[in-house]
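Grab a pencil and work through these exercises one step at a time. Try each task yourself before you read its solution.

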Amino acid sequence: MQKKELLKVNNLKQYFPIKGGFLGRTVNNVKAVDDVSFEIYEGETLSVVGESGCGKSTTGRAILRLDEPTEGAIEFDGTDLLSLSKSEMRKKRKDLQVIFQDPYASLNPRQTVGKILIEAMEIQNVVPRKQRRQRAIEILETVGLNGGQIDRYPHEFSGGQRQRIGIARALSVDPKLIICDEAVSALDVSVQAQVLNLLKKLQKELNLTFFFIAHDLGVVRHISDRIIVMYLGKVVEIADKKSLFDNPQHPYTKALLSAIPVPDPEIKKERIILTGDVPSPIDPPAGCRFHTRCPFATELCKTDVPELRNLDHMQEGHSAACHHMEKIMAGELQPV
Amino acid sequence: MSAEQANSTALKPKKVDGPLKRSIKDFYKKLAKNKSALVGGYLIIFLFIVAIVGPFLTTQDPDFIDYGVKFEGPSAEHWLGTDHHGRDMFTRIIHGLGITMSIGIIATIIGGIAGVITGLISGYYGGKLDAVIMRLIDILLAFPGILLALALISILGASLQNVMIAISIFAIPTFARIVRGSTLSVKNLEYIDAMKALGASDFRIICKHILPNILSPIIVQASLFIASAVLSASGLSFLGLGVQPPSPELGALLSDGRDFMWDAGHIALYPGLAIMLIVLAFNIFGDGLRDALDPKINK
């Protein structure tokens with residue numbers, strides 16, 4: 001079965017200018033996302049993981065055009081989003097929705113739940129006016145809230161319930177793709193599981209596609225079909241869930257995976273400890289961006305930027321950006 | 001019976017108030033704790049009643065001239081005495097209260113609305129537009145308020161309307177600054193991004209999602225600004241640049257009394273006290289309001 005590409009991101013760059021000096025000239029750029037390409041297939045969940053500041057959320061915001069990308073192309077369902085005018089984009093936003101991290105900041109405290117949902121429908125003009133309230137009640141029930149709570153205000157709900165309201169708001173316009181920007185990181189673990197299961201259920205029922213931004217590998221493992229690992233504004237590895245967890249190729253991915261706690265004190269884990277800090281995205285290292293912290297780094301890594309490559313021993317669709325994957329695999333290159 | 005009743009009402013689902021009603025209740029509680037603010041609030045209500053109802057209750061025409069009784073001190077006939085034309089001071093102050101307060105309030109409303117709009121636009125859109133607007137505001141701020149008003153009146157000419165215009169113009173910068181700051185903090189909240197992602201227009205975001213959430217600093221600033229607007233209005237009239245005689249504006253009354261300070265001090269004293277009362281009431285109330293609405297003092 002041919003999978004249909006829903007979203008295609010090509011060479012996306014997002015630089016934030018740093019203004020300085022008396023005249024407010026651009027003195028430098030924060031290269032938050034630097035040349036990132038990937039695609040999302042219809043009906044799947046693609047997760048992005050990486051540490052803080054690696055450009056995960058920025059990528060999500062750029063897709064939604066909440067920030068205008070510096071360069072690149074974003075193709076959604078055949079249309080280039082970046083070429084759309086402001087008003088055309090406004091209509092297109094019906095198909096792309098977002099769920100935010102902080103359930104306390106993502107709802108207007110002065111609107112009731114019903115008003116929040118009805119306003120969303122009103123903006124995109126999706127449901128006939130008279131049926132909107134009824135539809136809002138239905139959506140609330142879909143996300144596991146009580147329809148009778150429609151006239152309540154956000155402050156009367158718990159964090160998990162508020163996150164459900166956020167999901168309801170996103171669903172109210174019938175989107176195709178939902179970007180979940182750390183959608184469960186602010187919730188406690190039991191509620192996280194409930195919300196993740198809700199998302200999975202909704203995906204199945206409504207044929208939704210998720211672009212899931214997270215830093216918690218446990219969460220990612222639970223929800224994703226494919227995973228992108230980002231480091232300092234670049235994609236270092238992209239693979240389906242199984243290949244990534246079973247056969248990680250990039251040294252950074254390996255280090256990241258070794259940090260997952262195993263709930264068994266008997267098992268001896270080999271923990272790969274990275275030294276040093278993430279370099280500044282204002283002036284990222286030349287060559288491979290990870291070379292300053294990589295235990296396998298050679299002279300080549302300091303000068304040449306590695307491309308994403310798929311090798312024989314890797315599954316189809318699995319690629320990583322490291323010069324020395326073969327040597328590391330064969331054991332020829334030892335960590336320093 | 002009454003116990004049963006109490007029980008049944010306790011069992012009924014308690015209707016939860018909306019944030020507006022809840023915040024009004026909260027707000028009154030906090031305001032009530034601050035005794036001086038409550039006094040200020042009641043004083044304002046009292047002044048409003050006097051200014052609105054008072055003119056219908058006074059028996060004399062405020063402009064009625066009777067040279068037979070000029071410079072008379074307070075008496076049963078003329079409670080606060082008479083001025084140099086024999087006009088009844090009590091009547092004139094009651095009538096003047098309304099004029100002075102309406103200048104202050106109307107000017108604050110006009111200037112406030114203009115300032116709020118400027119601040120919202122400046123804060124929301126940012127960038128070059130913001131830089132240009134804020135530099136213009138800085139220029140306005142560089143003038144002392146009364147001097148700016150003086151300059152404007154000398155261009156526009158002295159009249160009741162022009163006093164209001166002048167004062168509203170110098171109200172703009174303070175409102176614009178406060179609103180811009182609040183807008184900047186609210187516009188970065190995630191629900192604004194959520195509205196953008198839904199495709200809401202800028203107008204909708206500003207009016208429905210930003211403005212309602214920055215109302216409290218605006219209200220506080222308005223109540224404090226009314227006090228200074230009243231002061232400026234009477235100041236301008238005192239200088240002869242505001243409301244023209246024989247209109248009984250409080251500043252003009254004060255100015256009338258200036259020449260007779262030694263012989264008939266009451267002509268200047270009572271209008272002065274009236275101005276002081278208005279300014280004091282709004283200032284105390286505004287301060288209390290600020291404390292009541294400030295979330296940082298929230299316990």
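## Exercise 1: strands around S8

Here's the starting point, in a model that is predicted: S7(A), helix H6 (residues 189-206) of chain A and S8(A) together build a right-handed β-α-β unit.

Task: Find out how strand S8 of chain A pairs with S3(A) and S7(A), and whether the residues of S8(A) are buried or exposed.

Solution:

1. Begin with S7(A), which covers residues 177-181: five bridges connect S7(A) to S8(A), and the two run parallel. To check the register, look at Asp181(A), which sits opposite Ile213(A) in S8(A).
2. Now turn to strand S3 (residues 45-49) of chain A, which pairs with S8(A) over four bridges, also in the parallel sense. Here Ser47(A) is found opposite Phe212(A) of S8(A).
3. Next, count the burial. A residue is buried if 20 or more other C-beta atoms lie within 10 Å of its own. In S8(A), residues 209-213, five of five residues are buried.
4. Finally, sort those residues by face. Thr209(A), Phe211(A) and Ile213(A) are buried on one side, while Phe210(A) and Phe212(A) are buried on the other, so both faces are covered.

## Exercise 2: a hairpin and its next neighbour

Task: Trace the partners of strand S10 of chain A and explain why S10(A) is largely enclosed.

Solution:

1. Start with strand S9 (residues 226-231) of chain A: S9(A) and S10(A) run antiparallel and share six bridges. In this pairing, Ile228(A) has Ile238(A) as its bridge partner.
2. Then look at the turn. S9(A) and S10(A) make a hairpin with two residues between them. One residue in the turn, Leu232(A), has a positive phi of about 50°.
3. Move on to S11(A), residues 319-320, which pairs with S10(A) through two bridges in the antiparallel sense. Ile238(A) turns up again here, opposite Ser319(A).
4. Put the burial in last: six of the seven residues of S10(A), residues 234-240, are buried, so the rest of the structure largely encloses this strand.

## Exercise 3: zooming out to chain A

Task: Decide how the radius of gyration of chain A agrees with that of a compact globule, and where the largest nonpolar core has its best-connected members.

Solution:

1. List the elements: chain A contains 11 helices and 11 strands.
2. Compare the radius. A compact globule of 336 residues would come out near 20 Å, and chain A has 21 Å, so the two agree. Along the principal axes, the C-alpha atoms of chain A fill a box of roughly 70 × 60 × 45 Å.
3. Check burial and contacts. In chain A, 40% of the 336 residues count as buried. Of the chain A contacts between residues at least 6 apart in sequence, 64% link residues at least 24 apart.
4. Look inside. The largest nonpolar core has 90 residues, and those touching the most other members are Val98(A), Leu117(A), Ile178(A), Ile179(A), Val229(A) and Val236(A). Leaving out residues up to four places away in sequence, Leu117(A) touches Ala136(A), Ile139(A), Ala168(A), Arg169(A) and Ser172(A).

## Exercise 4: where the chains meet

Task: Work out how many residues each chain puts into the contact and which helix of chain B gives the most.

Solution:

1. Count each side: chain A puts in 24 residues and chain B puts in 16.
2. Find the main contributor on the chain B side: helix H8 (residues 190-198) of chain B gives the most, with seven residues.
3. Sort the chain B side by type: nine residues are nonpolar, four are polar and three are charged.

Conventions. Residues numbered from 1 in each chain as written. Chains lettered and ligands numbered in written order. Predicted model: local features only at pLDDT ≥ 70, side-chain atom pairs only at ≥ 80, totals over all residues. Buried ≥ 20, exposed ≤ 12 C-beta atoms within 10 Å, placed from the backbone. Pairing = 2+ DSSP bridges. Rg over C-alpha atoms; globule rule 2.2 N^0.38 Å. Contact = placed C-beta atoms within 7 Å. Nonpolar A, V, L, I, M, F, W, Y, C, P; charged D, E, K, R; others polar. Core = buried A, V, L, I, M, F, W, Y, C linked by C-beta atoms within 7 Å. Right-handed = clockwise from strand over helix to strand, strands pointing away.
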